[in-house]
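Biologist: Please take a close look at a single part of this model, and then place that part in its wider surroundings, step by step.

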Amino acid sequence: MFEVLQGGLETTVQDYPGRLGYWNIGIPPSGPFDNLAFRLGNLLVGNSEGEAGLEITIMGPRLKFLKETVIAVTGADLSPMLNNNPIPMWKTVRVKEGDILSFGLCRSGCRAYLTIAGGIDVPPFFGSKSTYVQGGIGGFEGRKLMKGDIVKTGKPKLPLNKLEERSVKPDVIPKYPTEWELRVILGPQDDYLEDDFLVDMYVLGKYAWEVSPLFDRVGVRLEGPPHKWKPPEKRPPSGAHPSNINLVYCGMGIINVTGEVPVVCGVDGISLTGYTSVATLISADMWKLGQVKAGDKIRFKAVTLSEAKNAREELEKKITQDNIITS
Amino acid sequence: MYPGEVEMLSQSELIKRFRSPYATYRKGKPPFGEYEEARYLLSGDRYLLVEFGDRLNIIINCKAIAFEQEIRKSNIPGILETCVGQLSVLIFYDNFLISFEELVAKLKEIEKRIPPVEKMVLPSRVIEIPVLFHDRWTRECVEDYSRKIKPMEDNCEIVIKYNGLRDLKELIEYTTTPQHWVANMGWMPGNANAFPLDPRYEIRAPKYNPSRTWTPPGALGVGTADKVVYPLRSAGGYQLIGRTPVKVYDPKQENPAFKNSPVLFRVGDRIKFYPITEEEYFEVEKEVEAGTYRYRITSYDLFSVQKYLEFLEDIKEEVEKEMKKRPWAGKNHV
């Protein structure tokens, strides 16, 4: 159990893979935006990889533990501290009753994850504990954490002393640069763009788009040159603007070009769009989008379906007990 | 693939390599309406989009509905979820269990089995939604946009002019006379896109550019030929012409109308808007908050595509006459 002394910018309860199966009524899966760091964090503290933990964005919360437990902080480096002393990341930390966890400067990435032995005990909504803030569902009362909240935790699976001194193998710990290369599958509406523009921007990654200050779990807006659209007689039908199309359902991670602005949709993203989606992130790179922030640069490189499948296999291979070591 | 191989390929080879082989768009001048064969489009590594046409009409929408029902019946291992769009179906699948190629092959078989749309008879509820037109809240929202983002005329005025209507009274008449067909859900929880089943009452509106940053929940929006009730305070791009005090999304599921689902509408429902006064708005709002509001839902109704097509045939001349009054008639739009 812990008490929230300060909520931070956006601290929410999430679990993995989130609320699947309601996309067709407009409810997104939610879940941790960076599922790699989150799932590794859960393995560290002896939980199943999908157990509920906290997602912490840029400015972290201040939390007071009301019971002794074992925690781990993974993901972005937001300078985590216990009782004002820096603590290591990607490694379990034993905390006592009354200890205070806080965060400082954001040194790399965007989202950190706090996992706790036994997970977070909130009632599941439609099969998931993930918070979908905009829809007001899941997590802690369907909202981000605020000062005064008392959050319950579950029963640890292993005795606490067995969880001490556990860390993630160094070569598995991801890096969070400020220049990213995200792999995409072209489509579904790639044929609205002029071929040369499509190839330069979304196949070969010749241009580095800049992440705008408007980025959240719903979507990451990018800044860059205007899109080059095919003339009306050479593209499928559109509306007043070439990017306007008939409404279609879209997968997670679409690059949705709204007017001239590409928005890469995130885990709380839209399920339906009236704008062209020129390419879609591969599922193995979704976690990277959770670590980009304003000012970062993104290049898009196309891959084939088999390359995307290999990438997913590689990602899944990282998330295993073999990569958790006890020193 | 070896390093540098991609850079060696020509532009057309590159596109061929990364684009869906089933995305071929027929040569000629779009739009084509209903395709002879569906396009199978890539939507990332775990989603597949099957598109049946490029022009909104009920036949193509019903084809998508029938296709989705057939997929559900077939229980293909690896399919996790299916979603009906206006003219397409999105399939979410596990690429560890089934490949895109295998899935396309299976779906093409199913495509052949889609029963003739003309013979479809669908269970279709009629749901009545009270609307206060030209209400103070959506007007305030438009004024806020005008002040902060860019000058914007009163949205009812925009829609009246865009459609060559006389006045607000006529806009209300055009919105409340026909039933609206829910062609798809999605976007936000509880959102439903509905278009009028009687084309004589088709009204259109351009979308905002850029979109609004906020919209009051319950706002009635018009965009392209669709109408939506905004389920939540959210961004949005449709012109706002009124507001309903009733909820279309209720995650607490307290009202019996939400017993089986947190969202009110489903694909194939028909929505009938009816006008209310501000006084009535507040009364209904009170009932909604107290949990005593009873939704007006006729749940036993059936919708026969054949009968509907006959109806369209009967009113054909009137539709043509009516369309001549529309300033947008004949323009390229989706």
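Modeller: Helices are taken here as DSSP runs of H or I with at least four residues, strands as runs of E with at least two, and they are numbered from the N terminus. The model is predicted, and it scores ipTM 0.95 and pTM 0.95. The part I have chosen is helix α1 of chain A, which spans residues 35–44 and is mostly covered, since 10 of its 10 residues are buried. Among these buried residues are nonpolar side chains such as Leu36(A), Phe38(A) and Leu40(A), but Asn35(A), Arg39(A) and Asn42(A) are also buried. After α1(A) comes Gly46(A), with a positive phi near 80°.

The domain division gives the helix its first context. Chain A is divided into domain 1, residues 2–174, and domain 2, residues 179–317, and the C-alpha centres of these two domains of chain A lie 29 Å apart. Where they meet, 18 residues of domain 1 of chain A are in contact with 13 residues of domain 2 of chain A. On the domain 1 side of this contact in chain A, the elements that give two or more residues are α1 and β10 (108–116) of chain A, with β10(A) giving the most, 3 residues. By class, that side divides into 9 nonpolar, 7 polar and 2 charged residues.

For the chain as a whole, chain A has 5 helices and 21 strands, and its radius of gyration of 20 Å is close to the 20 Å that the globule rule gives for 327 residues, so chain A is as compact as a globular protein of that length. Its C-alpha atoms fill a box of roughly 70 × 40 × 30 Å along the principal axes. Buried residues make up 56% of the 327 residues in chain A, and among its contacts with a separation of 6 or more, 76% join residues 24 or more positions apart.

In soluble globular proteins, nonpolar side chains tend to be buried together. Here the largest nonpolar core has 172 residues, and those with the most contacts inside it are Ile71(A), Val184(A), Tyr202(A), Leu48(B), Val50(B) and Ile91(B). Val184(A), not counting residues up to four places away in sequence, touches several residues, including Tyr202(A), Ile255(A), Leu281(A) and Phe300(A).

Turning to the partner chain, chain B has a mean pLDDT of 94, with 97% of its residues at 70 or more. The contact between the chains takes 56 residues from chain B and 53 residues from chain A. On the side of chain B that touches chain A, the elements giving two or more residues include α2 (11–18), β1 (34–42) and β2 (47–53) of chain B; α2(B) gives the most, with 5 residues, and the side as a whole has 28 nonpolar, 19 polar and 9 charged residues.

Leu49(B), which sits in strand β2 of chain B, shows how this contact looks from one residue. Leu49(B) counts as buried because it has 27 C-beta neighbours inside 10 Å, where 20 or more are needed. Leaving aside its neighbours within four places in sequence, Leu49(B) is in contact with Pro188(A) and Val248(A) from chain A, and with Leu41(B), Ser43(B), Ser88(B) and Leu90(B) from chain B. Its C-alpha atom is separated by 35 Å from that of Val142(B), 93 residues apart along the chain.

How values were computed:
Residues are numbered from 1 along each chain as its sequence is written. Chains are lettered from A and ligands numbered from 1 in the order in which they are written. Two residues are in contact if their C-beta atoms, placed from the backbone, lie within 7 Å. A residue is buried if 20 or more other C-beta atoms lie within 10 Å of its own, exposed if 12 or fewer, and partly exposed in between; C-beta atoms are placed from the backbone. pLDDT is the predictor's confidence in each residue, from 0 to 100. The radius of gyration is taken over C-alpha atoms; the globule rule is 2.2 Å times the number of residues to the power 0.38. A nonpolar core is a set of buried Ala, Val, Leu, Ile, Met, Phe, Trp, Tyr and Cys residues joined through C-beta atoms within 7 Å. Domain bounds come from an automatic or database domain assignment.
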